[in-house]
Amino acid sequence: MASLVPFLRAADARSSAEWWARLGFEVEWEHRFALDLPLFLALRRGDDRLFLSEHRGDARPDTLLYLYVEDADAVATAFGVSAADTEYGMRELELRDPDGNRVRVGSPVQ
């Protein structure tokens with residue numbers, strides 16, 4: 001099995017994981033080398049995986065991810081924003097996680 005898992009920088013990985021839970025992600029596992037060192041969380045949503053790292057060198061803020069969902073309007077409603085149709089056949093919205101990472105959420109126009 002092969003897969004690609006993006007790393008996102010998180011100032012507070014647990015708080016960010018709570019935000020990502022609103023998009024269906026759950027904490028799969030966590031790691032910390034010692035109690036006073038940064039936290040690293042692995043999140044999962046079905047076959048999708050995401051790493052949240054408090055380690056400064058792992059990723060930069062303002063990353064852009066694309067998340068395919070079944071119903072972009074339902075996600076938009078849950079976050080209090082609007083979705084719009086694109087010229088390439090997707091219904092999309094854009095969110096920012098607590099660390100400023102951009103998450104473009106989309107589903108095919110029906």
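## A walk through the strands, the core and the charged pairs

Let's start in strand 8, where Gly106 is the bridge partner of Glu92. Keep in mind that what you're looking at is a predicted model. That pair belongs to a longer run of pairing: strand 7 and strand 8 are antiparallel and share seven bridges. To get from one strand to the other, the chain passes through a hairpin with five residues between the strands, and there Gly100 takes a positive phi near 90°.

Strand 7 (90-96) has another neighbour, too. Strand 6 (residues 84-85) pairs with strand 7 through two bridges, again antiparallel. Look for Glu92 once more: in strand 7, Glu92 is the bridge partner of Ala84. So what sits between strands 6 and 7? The hairpin there has four residues between the strands, and Gly89 takes a positive phi near 85°.

Now move to another part of the model. Here you'll find an open sheet of four strands, with the order 1-4-3-2 and mixed pairing. Strand 1 (7-9) and strand 2 (26-31) are the edge strands; each has a single partner strand, so one side of each has no neighbour in the sheet. On average, neighbouring strands in this sheet are turned by 25° against each other, direction ignored. Inside the sheet, strand 3 (residues 40-45) and strand 4 (residues 48-53) run antiparallel and are joined by six bridges. One of the partnerships you can pick out is Arg45 with Asp48, which lies in strand 4.

What about the inside? In soluble globular proteins, nonpolar side chains tend to be buried together. In this model, the largest nonpolar core has 25 residues, and Trp20, Leu23, Leu52 and Leu95 are the ones with the most contacts inside it. Lots of elements chip in: helix 1 (13-21), strand 3, strand 4, strand 5 (64-68), helix 2 (72-79), strand 7 and strand 8 (102-108) each supply at least two residues of this core. Try clicking on Leu95 to see who is around. Leaving aside neighbours within four places in sequence, Leu95 is in contact with residues including Trp19, Leu23, Val75 and Phe79. Val103 and Val105 are also among the contacts of Leu95.

Next come the charged residues. Side chains of opposite charge can pair when their charged atoms come close. The count of salt bridges in this model comes to nine. Take Arg14 and Glu30: they form a salt bridge whose closest N and O atoms are 2.9 Å apart. Arg14 is in helix 1 and Glu30 in strand 2, so this pair links distant parts of the chain, 16 residues apart. Are these two buried or exposed? The answer is in between: Arg14 is partly exposed at 40% relative accessibility, and Glu30 is partly exposed with a relative accessible area of 42%.

A second pair brings us back to strand 7. Arg91 and Asp73 meet through their side chains in a salt bridge, 2.9 Å from N to O. Because Arg91 lies in strand 7 and Asp73 in helix 2, the pair ties together parts that are 18 residues apart in sequence. Both are partly exposed, with a relative accessible area of 24% for Arg91 and 32% for Asp73. Arg91 also forms a salt bridge with Asp85, at 2.9 Å from N to O. Finally, look for Glu28, Arg44 and Arg49, which are linked in a network of salt bridges.

Notes:
Residues are numbered from 1 along each chain as its sequence is written. This is a predicted model: local features need pLDDT of at least 70, side-chain atom pairs count only at pLDDT 80 or more; totals for chains, interfaces and linings use all residues. Side-chain values use heavy atoms; hydrogens and water are left out. Two strands pair if DSSP finds at least two bridges between them. Axes are lines fitted to C-alpha atoms, for helices over the stretch in contact, and angles run from 0 to 180 degrees between N-to-C directions. A nonpolar core is a set of buried Ala, Val, Leu, Ile, Met, Phe, Trp, Tyr and Cys residues joined through side-chain atoms within 4.5 Å. Buried means under 20% relative accessible area, exposed over 50%, partly exposed in between (1.4 Å probe, protein chains only). Contact means heavy atoms within 4.5 Å. A salt bridge is a side-chain nitrogen of Lys or Arg within 4 Å of a carboxyl oxygen of Asp or Glu.
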